[in-house]
Amino acid sequence: MVAIYKYRTALHMTQAQLALLVGVTPNAITQYESGVRKPNILMLKKLARALNTTADALLEPINIEEETENE
C-alpha cells in the first residue's frame, strides 16, 4: 500500500494526522504503508476519503524509488 504514502506526503500530512482522521494508531498507518498489514475495505474507503482520492488509486502499485526521486 505504498500509494498511501504517496498520497499522504503529497498532502503534507503526517502518519499521526492520517491515523487520527481514520481512527487508527500511527503504527497501523506505518504497517499499511510498508505492506506489513493490509487495510480492510472499510478502512480503505476511510483512507481514500481522508487522502482525497479513490480506493482504486490506493490499490494501484507504485514504485517508491521513482516517487522519492521525483520529489
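**Asking why: a predicted all-helix chain**

Guide: Of the contacts in the protein with a separation of 6 or more (contact: heavy atoms within 4.5 Å), 55% are between residues 24 or more positions apart. Keep in mind that this is a predicted model, where local features need pLDDT of at least 70, side-chain atom pairs need 80 or more, and totals for chains, interfaces and linings use all residues. Residues are numbered from 1 along each chain as its sequence is written, and side-chain values use heavy atoms, leaving out hydrogens and water.

Visitor: Which elements does the protein have, from the N terminus on?

Guide: The run is α-α-α-α-α-α, so six helices and zero strands, given DSSP runs numbered from the N terminus (helices: H or I, at least four residues; strands: E, at least two).

Visitor: Why does Glu 33 count as buried?

Guide: Glu 33, in helix α3 (residues 26–34), has 10% relative accessibility, and buried means under 20% (exposed is over 50%, partly exposed in between; 1.4 Å probe, protein chains only), so buried it is. Across the 71 residues of the protein, 30% get that label.

Visitor: And what makes Glu 60 partly exposed?

Guide: Its relative accessible area is 49%, so Glu 60 falls in the in-between class. Glu 60 sits in the loop between α5 (55–59) and α6 (64–69). Its C-alpha is 6.9 Å from that of Ala 3, 57 residues away in sequence.

Visitor: What joins the side chains of Glu 33 and Arg 8?

Guide: A polar contact of 2.5 Å. The term needs a pair of N or O atoms within 3.5 Å; within protein, one must be able to donate a hydrogen and the other to accept it, and residues adjacent in sequence count only if both atoms are side-chain atoms. At 2.5 Å, the Glu 33 and Arg 8 pair therefore qualifies.
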